[in-house]
Amino acid sequence: GVELPEGAVVPANTFLQTLPIDTSKLGMEGACGYVTHVLSTQDDIKKQKEDVTLFGKSVSQHLKNKGSIWTSKMYPVRPTAAESLQCAFEIQAGLESGKAPAFWDGSERLVSLAECVMAKNLKVQAEQRKVIP
């Protein structure tokens, strides 16, 4: 799930998903991080393409990714769910404006949807579901 800040607007046909990640499974420091995936409900996440696109916009031109949305490393890991959500909004805004988010500059480790599913922290996810009203 995703906890949106008050006043946040999610455009139509937008999918958001925040996962708690066991960062040790990705060879990263720390026990838990968060990744929020953002994509269009029209995106085919496993379709193999030379030019990977989100919302019909090229991701490959910024990240040199080929393959699919599923395998493209484009999402940063953040210490809180709120920070990861902010990154997802930055990805969407960057694609819309044609200006890549700062974290796509190669200075930090990015992860794919596939990696996140394999490294999701089930204990944290179960604890979070207990508090859903």
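# Briefing: paired strands, helix α2 and a nonpolar core

Strands β1 and β2 (residues 33-40) pair in the antiparallel sense, over eight bridges. This is a predicted model. Its mean pLDDT is 87, and 91% of the residues reach 70 or more. Helix α2 gives the most residues to the largest nonpolar core, five in number.

**Confidence**

- Confidence varies along the chain: β5 is highest, with a mean of 96.
- Helix α4 (residues 122-130) is lowest, with a mean of 66.

**The strand pair**

- Strand β1 covers residues 14-21. Six of its eight residues are buried, and the strand is mostly covered.
- Within the pair, I21 of β1 stands opposite G33 of β2.

**Helix α2**

- Helix α2 runs over residues 81-97, which makes 17 residues.
- At 1.5 Å a residue, helix α2 should span 24 Å. Its end C-alpha atoms are 24 Å apart, so the expected and modelled spans agree.
- The buried residues of α2 are S84, L85, C87, A88, I91, Q92, G94 and L95.
- Several strands help to cover those buried residues: β1, β2, β3 (53-54), β4 (57-58) and β5 (75-76) are among them.
- S84 sits in helix α2. Its relative accessible area is 1%, under the 20% cut-off, so S84 counts as buried.
- Beyond its neighbours within four places in sequence, S84 is in contact with T18, Y34, V35, T36 and R78.
- Just after α2 comes G98, with a positive phi of about 85°.

**The largest nonpolar core**

- This core holds 27 residues. The members that touch the most others are L54, V59, M74, Y75, I91 and W104.
- Two or more core residues come from each of β1, β2, α2, β6 (110-111) and α3 (113-119).
- In soluble globular proteins, nonpolar side chains tend to be buried together.
- Y75 has contacts in several parts of the chain. Leaving aside neighbours within four places in sequence, Y75 is in contact with V35, T36, H37, V38, L39, L54, I91, L110, V111 and L113.

**Positive phi outside glycine**

- N13 lies in the segment before β1. Its phi is near 65°, a positive value in a residue other than glycine.
- The relative accessibility of N13 is 47%, between the cut-offs of 20% and 50%, so N13 counts as partly exposed.
- F55 lies in the loop between β3 and β4. F55 is not a glycine, yet its phi is positive, at about 55°.
- The relative accessibility of F55 is 24%, so F55 also counts as partly exposed.

**T41 and its surroundings**

- T41 belongs to the loop between β2 and β3. Its relative accessible area is 46%, and T41 is therefore partly exposed.
- Not counting residues up to four places away in sequence, T41 touches N13, T14 and F15.
- The side chains of T41 and Q42 are joined by a polar contact of 3.4 Å.
- T41 and T53 are 12 residues apart in sequence. Their C-alpha atoms are 13 Å apart in space.

Terms used. Residues numbered from 1 in each chain as written. Predicted model: local features only at pLDDT ≥ 70, side-chain atom pairs only at ≥ 80, totals over all residues. Heavy atoms only, no water. Buried < 20%, exposed > 50% of the residue type's maximum accessible area, 1.4 Å probe, protein only. Helix = DSSP H or I, 4+ residues; strand = E, 2+ residues; numbered from the N terminus. Pairing = 2+ DSSP bridges. Expected span 1.5 Å × (residues − 1). Contact = heavy atoms within 4.5 Å. pLDDT = per-residue confidence, 0-100. Core = buried A, V, L, I, M, F, W, Y, C linked by side-chain atoms within 4.5 Å. Polar contact = N/O pair within 3.5 Å; in protein donor to acceptor, adjacent residues only side chain to side chain.
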